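Thanks for sharing this one. Here are a few notes to read alongside the coordinates, in the order I would look at them.

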Amino acid sequence: MPVRSSLRTPVSIATLTFAIGALLLTTPAYAGKPVGSDKGAETEQTGGADETGIHSAVRIQYSGSVAPNGATGNVTSADVNWSPPPCWYAPYLGAKDFKKKMSAEIDEAASAPGMTGTPAAAIGQTKAHYEDEYGWTDTPGYKDYNVAKDGEGMFWAGVENPNEPDYLKRNSCTDLPFWVDNGEAPPPQYEEAITPETLAALAYQHMELPGTEVTLAPAETTKVNLPTWAWLDKANFHEVQATATINAPGFALSATTTAKPVSLKLEPGTPDAETYPASGECTINEDGSIGEPYAKGKADRTPPCGIKYLRSSGDGTFDLQATITWEIDWTGTGGAGGDLPDGTFENAQAVTVQEIQAVNR
């Protein structure tokens, strides 16, 4: 079932003005409520719903191999410097609905006790921006909330990534909502405006890779100095895809990430072991499998992928870590596409290693 997330109701103008202080002669700021910030990500998140009955027209829909309930997937980026976008700008409301929502927020903030000085001036500028065409460099104002153009575009607003742990990064898309005509690109100053690449990164973040367990021979219990063969069958080891899509009136984008398995790294769980090959990196075969299944008659051969334990695990076990590396790329609307950092997913398997018992005669 597709997993959906969406824009939620913006924070109040009162919170905005108190948070940013002086606003005169500078671009106002705005912070969007994070998706799922109050109750965790949900399978269905209808955005912008409140007592007014206003709903955002936008949803990001995730499909394919993704984690349930909008959760982060199990992919770990091999590039420690890469991370999904902490926030972005996306379509929020049409002109009439935006006027109803924003004008009510402005009136409520203006009537709050003690609303004088700089906060009052900020509220006045915000009101003039949307009602009386008050603007600033690269940011024109609007007449009556652009109601005359209702249906011809939408106001866009900042959206927080609910899976971003850094609060400041999550709240960094703080520009006031801005208008975008249907079929037009957002103004260039909004560098965080949603794109196919943004959606690809979000699909990557939500991607769920299969928890493939490495097949061992001997299975689970092996002997000291006995090579243990390891392999992954191609039938259970295949590429997966995750897609993120956004649809709004006059605006639609989509991106699909594809993860292809390329290698398996074995870590025995003890320094008293040898791996095959010595690096522990087992590469993928031409048929899409990794390693080679053990069969009768191979006992004297060295496995192309495997482990040899040099001591017993005693009364316990060794935790064999099997890390699969996935090569990830993406394609999106308009022929966009490219590479994303390789992803890794780790499985732990308990292995019992016993001493070979000698028989005295």
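1. A working definition first: a residue is called buried when its relative accessible area is under 20%, exposed when it is over 50%, and partly exposed in between. Please keep in mind that this is a predicted model.

2. With that cut-off, glutamate 160 is a good place to begin. Its relative accessible area is 5%, so glutamate 160 is buried. What does glutamate 160 form a salt bridge with? The partner is arginine 170, and the closest N and O atoms of the two are 3.3 Å apart. Because glutamate 160 belongs to strand 5 and arginine 170 to helix 4, this pair ties together parts that are ten residues apart in sequence. Arginine 170 also counts as buried, at 17% relative accessibility.

3. A second pair to inspect sits within one helix. The side chains of lysine 101 and glutamate 105 meet in a salt bridge, at 3.4 Å from N to O. Why are these two separated by about one helical turn? They are four residues apart in helix 2, which covers residues 95-110. Lysine 101 is buried, with a relative accessible area of 10%, and glutamate 105 is buried as well, at 12%.

4. The third pair is lysine 298 with glutamate 292, a salt bridge whose closest N and O atoms lie 2.6 Å apart. Is lysine 298 buried or exposed? Lysine 298 is buried, with a relative accessible area of 15%, whereas glutamate 292 counts as partly exposed at 23%. Salt bridges with shared partners join Glu292, Lys298 and Arg301 into one network. For the model as a whole, the count comes to eight salt bridges. As a general reminder, side chains of opposite charge can pair when their charged atoms come close.

5. Now to the nonpolar side of the picture. The largest nonpolar core has 76 residues. Those with the most contacts inside this core are Ile60, Trp156, Ile194, Ile246, Leu264, Leu266 and Trp326. Strand 16 (residues 318-332) provides the largest share of the core, seven residues.

6. There are cavities to look at too: five of them have a volume of 30 Å³ or more. The second largest has a volume of about 60 Å³. Its lining is made up of Pro91, Gly153, Met154, Trp156, Val180, Asp181, Asn182, Gly183, Glu184, Pro249, Gly250 and Phe251. Which elements give two or more residues to this lining? They are strand 5 (153-160) and strand 6, and strand 5 contributes the largest share, three residues. By class, the lining of the second largest cavity has six nonpolar, four polar and two charged residues. Trp156 deserves a second look in your viewer, as one of the residues lining this cavity and one of those with the most contacts inside the largest nonpolar core.

7. Finally, a loop position. Where is threonine 174 placed? Threonine 174 lies in the loop between helix 4 (167-170) and strand 6 (178-181). With a relative accessible area of 28%, threonine 174 is partly exposed. Threonine 174 and glycine 158 are 16 residues apart in sequence, while their C-alpha atoms are 6.3 Å apart in space.

Methods:
Residues are numbered from 1 along each chain as its sequence is written. This is a predicted model: local features need pLDDT of at least 70, side-chain atom pairs count only at pLDDT 80 or more; totals for chains, interfaces and linings use all residues. Side-chain values use heavy atoms; hydrogens and water are left out. Buried means under 20% relative accessible area, exposed over 50%, partly exposed in between (1.4 Å probe, protein chains only). On a 1 Å grid over the protein atoms alone, a cavity is a set of points where a 1.4 Å probe fits but cannot get out, and a pocket is an open set with protein on both sides within 12 Å along at least five of seven lines; lining residues have an atom within 4 Å of a point. Grid points are joined across faces, edges and corners, and a volume is the space filled by probe spheres set on the points. Ala, Val, Leu, Ile, Met, Phe, Trp, Tyr, Cys and Pro count as nonpolar, Asp, Glu, Lys and Arg as charged, and the others, Gly among them, as polar. A nonpolar core is a set of buried Ala, Val, Leu, Ile, Met, Phe, Trp, Tyr and Cys residues joined through side-chain atoms within 4.5 Å. A salt bridge is a side-chain nitrogen of Lys or Arg within 4 Å of a carboxyl oxygen of Asp or Glu.
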